[in-house]
Amino acid sequence: MPTIRPQSLPLRALRAPSTSRSQSQFSRQIKLTPSVSPVASIPSKAQSHQFLRNHTTSSVSQDEVSHFSSLASSWWDPMGPSRILHLMNPLRHEFIASCLAESSPSTDTQASTSTSTATATATASPPANLHYLDIGCGGGIFAESLARTIPLDPSNPAPTPTRAASMTAIDPTTDLIQIAKKHARLDPTVDSHLRSGKFRYLNTTLEDVLASESESNPGSTSTSTSTSSSTSSSSVTHPQFDIVTLFEVIEHIDPKTTTYQSFLEKCLSAVKPGGWLIGSTISRTFPSFLLNQVIAEAPWPIGVVPRGTHEWSKFVNPPELHGWAQEGLMRLADGGVTRAGSGALDGMLWKCVGAVYVPGFGWKMVPGSEDWGNYFWAVRRGV
Ligand SMILES: C[S@@+](CC[C@H](N)C(=O)[O-])C[C@H]1O[C@@H](n2cnc3c(N)ncnc32)[C@H](O)[C@@H]1O
C-alpha cells in the first residue's frame, strides 16, 4: 500500500489554487458545431460570467470549471499537475481493448459475442468503424491519443484495438478545449483528422449534446430503441456513439444541480445499443480516504498535495456505479417516464478493475484493488 500512496491520486489531489472564473462561453442552443473561438482570443471574464449565468442545463460546477481553467496552461506538461492523467493513459487504451474483446459494438447494432469477435480478430483485421465520444476530455490527453488511432485512409484496417473511426471530445472548460485544439494541431495526423471532422473538440456539455440533433454529427447515429422488456419504444433523436468515455469526470459533477444516477443515465443515453460507456474514478472507502486524503495531504515530504484539496465525499464506489447504471438503463428502456423491469438489463455487461501505481513501473490493473482508490469501470448497453 505505501508504494502506491502518492501516485494513486485523482487529479483533484494535485489541485492548484483557482485563480480565475470560468472562461467558457457557449450557447445552450448549439447543434454540435464547434463553439470554441481560436486559441488566441480567450474570452474575457465578463464573457465567462455570462456563460455561467446562462447555463442552466447543467451538471457543471462553476468551481470545477474555474479550477480546471487554472490548470490549462500546464495540461500537457508530463511532469506538471496533470502528470497522473498522462501516466494513466495507456491503461485506458488497455481497458477499452478488453471491453471490445469481450463485446464489440456492431454497426447494425446487433450484439457481437466475445467468441465471434475473437474469431473475426483472428481471421482479419477489424474495421475502424467505431465512433467515440469523450465526455470531459479536458486538455485532450486521452482524446488526442485515441484520434491518433483513426486511420487516415478509411479503407485501411484499424491500426490498434480501438477500431476508431471518429472521436468527438467535449468539455465545459473553454480554456482546456483551447489547449486541446492547440496541442492537437502539432501532430500532422491528428491535425488532418481535425480538418476532416473525424476528430472534433467541442466546448460544450453532455446536456447540450443530448439536446442536439444527431444529423449534425457525422460520427454518430440516432436509433429507434426498444427492448424486449419494454412495452414502449423510444425514438432517440440525439447523437449516439459506439463508445462513450468518462475518465476522471463523474467525481467532478455538481451534486447541487444533478445526481450521479441522472448524470450516468445521460451518459448511457449517448451510447448506441450494443455500445460501451467506459470510465474511471475513485472509490469512497476508508483506504482511499487514507491514501487520497490523509497521507497525500500530509506535510512534505510525505504528502504531495496541499491540505484540503480532496473532496473524498464526491468519490464513487463500484457498487454504486453499477446500481446507477442498471437504474439508468431501466429508465432509458421506457423513455425515462417510469422504470422498466429487469428485462431492460438484458445484454448489459459490467466490468470493473482497480488500478494502482507502482513506482518505476507505472499504473497497473490490479483486480480486487477497487477499494483502494482508482478503478476502471464499463457498462455495455444491451441491444
Ligand atoms: C480530472 S479532469 C479529466 C480530464 C480528462 N477526462 C482526462 O482524464 O484526461 C475532469 C474534467 O471534467 C470536466 N468536467 C467537470 N464537470 C463536468 C461535467 N459536469 N460534465 C462534463 N465534464 C465535466 C472538467 O472540465 C475537466 O476537464
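**Confidence.** I began with the pLDDT of this predicted model: the protein's mean is 76, and 69% of its residues reach 70 or more. I then looked for weak stretches. Residues 1–56 stay under 50, yet the model has 132 contacts there beyond four places in sequence. Residues 303–309 are also below 50, with 18 contacts in the model beyond near neighbours in sequence. My note to self: where pLDDT is low, the predicted coordinates should not be read in detail.

**Core.** Next I looked up the largest nonpolar core, which has 82 residues. Among those with the most contacts inside it are Met 167, Ala 180, Val 244 and Leu 277. Helix H3, residues 83–102, supplies the largest share of this core, 8 residues. I followed Val 244 outward. Leaving aside residues up to four places away in sequence, Val 244 touches Leu 133, Ile 135, Cys 267, Ala 270, Val 271 and Leu 277.

**Binding-site positions.** I checked the UniProt record, an unreviewed entry. It places "binding site" at Arg 92, Gly 136, Asp 171 and Phe 247. I took two of these further.

Gly 136 is in the loop between strand S1 (130–135) and helix H5 (141–147). Is Gly 136 buried or exposed? I count it as buried, because 26 other C-beta atoms lie within 10 Å and the cut-off is 20 or more. Beyond four places in sequence, Gly 136 touches Asp 171, Leu 246 and Val 249.

Phe 247 is in strand S6, residues 241–247. Phe 247 is buried too, with 25 other C-beta atoms within 10 Å. Beyond four places in sequence, I found Phe 247 touching Arg 92, Phe 142, Gly 279 and Ser 280.

Key: Residues are numbered from 1 along each chain as its sequence is written. This is a predicted model: local features need pLDDT of at least 70, side-chain atom pairs count only at pLDDT 80 or more; totals for chains, interfaces and linings use all residues. A nonpolar core is a set of buried Ala, Val, Leu, Ile, Met, Phe, Trp, Tyr and Cys residues joined through C-beta atoms within 7 Å. A residue is buried if 20 or more other C-beta atoms lie within 10 Å of its own, exposed if 12 or fewer, and partly exposed in between; C-beta atoms are placed from the backbone. Helices (H or I, at least four residues) and strands (E, at least two) are DSSP runs, numbered from the N terminus. Two residues are in contact if their C-beta atoms, placed from the backbone, lie within 7 Å. pLDDT is the predictor's confidence in each residue, from 0 to 100. UniProt positions are given in the numbering used here, feature names are shortened, and annotations may be inferred rather than shown by experiment.
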